[in-house]
Amino acid sequence: MKKTLVLGATDNPSRFAYKAIHRLQQHGHDVVPVGIRKGEVGGQSIITDKSQKVEGIDTVTLYVGPQKQPSWYDYIIALQPKRIIFNPGTENRELEQMAEDAGIETLHHCTLVMLASSTY
């Protein structure tokens, strides 16, 4: 299974990041919720401290809009994930180029659709 960092994690059940965390867990993936507000989702505390080291991330799935992503660039790239999924509304050519330059695969897709279609 793929250890996945969900950037934009929230404890709000109406948000797609919340739904993605639960769906990833249902599919057996280890999930690391990271966001800007403290809370709990999927039985885990949301990490809000960018200095907290997270190891072994396969996938970063984005639920943060492009206007709020720049403050996360260094954090995301330093994780050295195998891939970054740009969910609808999170597309960002600047981050995508940075990731590709670092050898990280980028996908424009929807995590929930990928899980439902067994393409995750």
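Q80 counts as exposed in this predicted model, with a relative accessibility of 66%, and the residue is placed in the loop that runs between α2 and β6. The phi angle of Q80 is near 50°, which is a positive value in a residue other than glycine. The protein around Q80 contains 4 helices and 7 strands, and its radius of gyration of 13 Å agrees with the value near 14 Å that a compact globule of 120 residues would have.

**Backbone with positive phi**

- S118, like Q80, is a residue other than glycine with a positive phi, here near 55°, and S118 is located in the segment that follows α4 (111–116).
- The relative accessibility of S118 is 69%, and because exposed means over 50%, S118 counts as exposed.

**Overall architecture**

- Read from the N terminus, the elements of the protein follow the order β-α-β-β-β-β-α-β-α-β-α.
- The C-alpha trace of the protein spans about 35 × 30 × 25 Å when taken along its principal axes.
- Of the contacts in the protein between residues at least 6 apart in sequence, 53% join residues that are at least 24 apart.

**Surface and charge**

- The accessible surface of the protein amounts to about 6,300 Å², and carbon and sulfur atoms account for 48% of that area.
- Buried residues make up 44% of the 120 residues in the protein.
- The protein carries 13 positive and 13 negative charges, and the mean positions of these two sets are 6 Å apart.

**Nonpolar cores**

- In soluble globular proteins, nonpolar side chains tend to be buried together.
- The largest nonpolar core has 20 residues, of which L5, L7, V34, L62 and I84 touch the most other members.
- Two or more residues are given to this core by each of β1 (4–7), β2 (31–34), β5 (59–62), α2 (73–79), β6 (83–86) and α3 (93–101), and the largest share, 4 residues, comes from α2.
- A second core of 15 residues is separate from this one, and V6, Y63, I85 and Y120 are included in it.
- L7, one of the residues that touch the most other members of the largest core, is in contact with V34, T61, L62, Y63, V64, W72 and I76 once neighbours within four places in sequence are left aside.

**Two threonines in loops**

- T90 is placed in the loop between β6 and α3, and with a relative accessibility of 4%, which is under the 20% limit, T90 counts as buried.
- When neighbours within four places in sequence are left aside, T90 is in contact with L62, Y63, V64, P66 and Q69; among these partners, L62 belongs to the largest nonpolar core, whereas Y63 is included in the second core.
- T48 lies in the loop between β4 (44–45) and β5, where its relative accessible area of 30% falls between the limits of 20% and 50%, so T48 is partly exposed.
- Not counting residues up to four places away in sequence, T48 touches G35, I36, R37 and K38.
- T48 and P13 are 35 residues apart in sequence, and their C-alpha atoms are 18 Å apart in space.

**Charged residues and their separations**

- D74 lies in helix α2, the element that gives the largest share of the largest nonpolar core, yet D74 itself is exposed, with a relative accessible area of 64%.
- The C-alpha atoms of D74 and G42 are separated by 26 Å, while the two residues are 32 residues apart along the chain.
- R15 is found in the loop between β1 and α1 (16–26), and R15 is partly exposed, with a relative accessible area of 49%.
- R15 and Y63 are 48 residues apart in sequence, and the distance between them in space is 9.2 Å, C-alpha to C-alpha; Y63 is one of the residues included in the second core.

How values were computed
Residues numbered from 1 in each chain as written. Predicted model: local features only at pLDDT ≥ 70, side-chain atom pairs only at ≥ 80, totals over all residues. Heavy atoms only, no water. Rg over C-alpha atoms; globule rule 2.2 N^0.38 Å. Buried < 20%, exposed > 50% of the residue type's maximum accessible area, 1.4 Å probe, protein only. Contact = heavy atoms within 4.5 Å. Areas by Shrake-Rupley, 256 points an atom, 1.4 Å probe, with all protein chains shown as cover. Lys, Arg positive; Asp, Glu negative; His and termini not counted. Charge placed at Lys NZ, Arg CZ, Asp CG, Glu CD. Core = buried A, V, L, I, M, F, W, Y, C linked by side-chain atoms within 4.5 Å.
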